[in-house]
Number of protein chains: 2
Amino acid sequence: MSTTVQTVSDPAATNRDTILDAAEVLFGELGFAGTSMRAIAQAGGVAQALLHYHFDTKDQLFDTVVKRRTAQINAARLDNLAAFDARDTPPTLSDLLHALFAPALAHQGGGVPYARILATIAIGGAREQGLVRDNYDAIALRFIEAIKTIRPALSHADAAWGYSLAIATLVSAMARTGRAERLAREDEASDDILLDRIVRFAAAGIDGYGPK
Amino acid sequence: MSTTVQTVSDPAATNRDTILDAAEVLFGELGFAGTSMRAIAQAGGVAQALLHYHFDTKDQLFDTVVKRRTAQINAARLDNLAAFDARDTPPTLSDLLHALFAPALAHQGGGVPYARILATIAIGGAREQGLVRDNYDAIALRFIEAIKTIRPALSHADAAWGYSLAIATLVSAMARTGRAERLAREDEASDDILLDRIVRFAAAGIDGYGPK
DNA sequence: TCGGATTGACTAATCGATCAGTCAGGATAC
DNA sequence: GTATCCTGACTGATCGATTAGTCAATCCGA
C-alpha cells in the first residue's frame with residue numbers, strides 16, 4: 001500500500017463522499033491548479049478513474065465541492081433569518097452579521113479546508129466570479145435588504161458596499177492565516193473570539209456609511 | 001512567429017524586466033500553479049530557458065515579482081508616514097488609512113495584475129504566509145503603532161486586529177472582482193471612490209473596538 | 001444475470017528544468 | 001593593431017516526470 005494517505009471519514013460514507021472530502025482538503029491547501037486528480041485519488045484511497053466516473057472532469061469536481069458546502073452554509077443563513085422573523089423584537093445589526101458569519105465559520109461549514117477555497121474564489125477571476133454569483137448573490141441581496149431595514153438611513157449602495165466589505169473581513173478570518181494573532185501577539189483565536197472580532201468591526205464599519 | 005503575444009513594455013526595458021512584467025500578469029490571472037514557464041516566456045517573447053537563466057526556478061521568479069512591487073508600495077507608505085511627522089497637526093485615523101491603502105491601489109503599485117497576486121498570498125497557506133511575513137510585517141507594526149497613537153484607548157491587540165481587518169478590506173478592493181458594484185447596482189468604481197469606501201468602512205470598524 | 005461501481009493500464013499533451021552551444025563585446029596578451 | 005580569451009546573455013532541443021482524461025475489463029450486490 002506504500003505511503004497512501006487516507007482522509008478520515010465516517011465508515012458509512014460512500015466513495016463519492018470520500019472523494020469530495022479529499023478534494024476539499026487538497027483544493028484548499030494547494031488551489032485548483034495546484035491539485036492533481038491523481039493526488040485526490042490517492043488521498044481518498046480510490047483509483048483515479050473513479051473520479052472521472054463520478055464527476056467527469058476536474059472542473060465539475062471542483063464545482064461540486066463548492067456547491068456542497070454552499071448549500072449547507074446558505075441553508076443555515078436562511079434558517080437564521082427565519083428565526084429573526086419569528087421573534088417579536090427585530091435583530092440588531094450585530095445580530096444580523098452574526099447570522100451571516102457564524103454558519104461559514106462553523107465546522108459543519110467545511111472548516112479551514114473549505115474556507116481557503118471560498119477565499120480564493122472570492123477574489124478570483126472571471127471563472128470564479130461565476131461561482132460566486134451563482135452560489136452567493138441571491139442570499140447576499142437578502143442580507144442587504146435586511147441591513148436597509150435595520151438602518152433605514154442607508155442607501156442601497158451603502159448597504160451593498162457595507163455587505164461586501166463585511167464579507168471581505170469574513171473571508172480573511174476564514175482563511176485563518178494566523179497573521180492577525182501574530183501582529184497582536186496573541187495565541188490563535190477561537191471561533192467565538194474570531195466571530196466577535198469581525199462582527200464588531202463590520203457592524204461599526206457599516207455604520208460608518210451613515211447615521212444610526 | 002505564429003501567435004506569440006507580447007506584453008507592452010517600454011523600449012528601454014531589459015529582457016529581465018519584460019519577463020517580470022509578463023509573469024506578473026499571468027500569475028495574477030491564473031495563479032502560481034496555473035501559470036507555466038512556457039506561457040510566461042511566450043508572453044514575453046523570449047526563450048523559456050532565459051527565465052531559468054535569470055531567475056533559476058519558478059519559485060524564485062514568483063518571489064521576485066512580489067518583492068519588486070512590495071518595495072514600491074512600502075516605500076510609498078513610509079514616505080506618507082514621514083510626511084505626517086513633518087506636519088504640525090497629527091493625522092486623523094482616516095488620514096492614516098489613506099496613507100496605508102493608496103499606494104497599494106495606485107497603478108504604480110502594479111495595478112490589477114499584482115493586486116490579485118497579493119490577494120492570493122494574503123489568504124494563502126504556509127508558503128505564502130512566509131512571503132507576507134517577510135515583506136509586510138515590519139510595516140504593519142509601524143501602522144499599528146500609529147493607530148495606537150491616534151486612538152490611545154485601544155489596546156495593542158485591538159489595534160492589531162483593526163489593522164488586519166482593514167487590510168482585509170483593502171485586499172478585497174484590490175482584487176476588483178466587481179461584485180460590490182454588481183450588488184450595489186452601480187458602474188465600476190473609480191480608484192478614488194473605492195479608496196473612499198474602504199477608508200470610511202475601516203476607520204469606523206477600528207473605532208468599533210473602543211471609544212474615540 | 002444484470003448493471004452500476006470500480007479498476008489498472010494506457011494516451012497525448014504539457015510540465016519545470018537542463019543541456020550544449022551561439023553570439024556580441026570587453027579585457028588581455030603580444 | 002590584432003589575435004586570443006573570457007563572460008554574460010540568450011537559444012533550440014530535449015530530458016524525465018506529471019498532467020487530465022479514456023477505455024476495456026472486472027467486481028459485486030440485487
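Let's start inside chain B, where the axes of helix 6 and helix 8 come within 8 Å and cross at roughly 140 degrees. Here axes are lines fitted to C-alpha atoms, for helices over the stretch in contact, and angles run from 0 to 180 degrees between N-to-C directions. Helices are DSSP runs of H or I with at least four residues, numbered from the N terminus. Helix 6 of chain B and helix 8 of chain B are therefore oblique to each other, since angles under 35 degrees count as roughly parallel, over 145 as roughly antiparallel, 65 to 115 as roughly perpendicular and the rest as oblique.

On the helix 6 side, the contact is made by Ala115(B), Arg116(B), Leu118(B), Ala119(B) and Ala122(B), and helix 8 of chain B answers with Val171(B), Met174(B) and Ala175(B). Two residues are in contact if their C-beta atoms, placed from the backbone, lie within 7 Å. The residues of this helix pair divide into 7 nonpolar, no polar and 1 charged. In this scheme Ala, Val, Leu, Ile, Met, Phe, Trp, Tyr, Cys and Pro count as nonpolar, Asp, Glu, Lys and Arg as charged, and the others, Gly among them, as polar.

A word on the model: it is predicted, local features need pLDDT of at least 70, side-chain atom pairs count only at pLDDT 80 or more, and totals for chains, interfaces and linings use all residues. Residues are numbered from 1 along each chain as its sequence is written, while chains are lettered from A and ligands numbered from 1 in the order in which they are written.

Now step out to the partner chain. The contact takes 44 residues from chain B and 45 residues from chain A. On the chain B side, helix 8 gives the largest share, 12 residues. That side of chain B divides into 23 nonpolar, 13 polar and 8 charged residues.

How do the two copies relate? Chain B can be laid on chain A with an RMSD of 0.1 Å by a turn of 180 degrees and a shift of 0.0 Å along the axis, with copies superposed by least squares on the C-alpha atoms of residues with pLDDT of at least 70 in both. The two copies are thus related as by a two-fold rotation axis. In chain B, the C-alpha of Gly205(B) is nearest the axis, 2.1 Å from it.

Finally, look at DNA strand C. Of the 16 residues around this strand, Asn15(A), Ala47(A), Ala49(A), Ser36(B) and His52(B) come nearest; a residue is near a strand if its C-beta atom, placed from the backbone, lies within 6 Å of it. Helix 3 of chain A supplies the largest share of this surface, 4 residues.

Terms used: Helix = DSSP H or I, 4+ residues; strand = E, 2+ residues; numbered from the N terminus.
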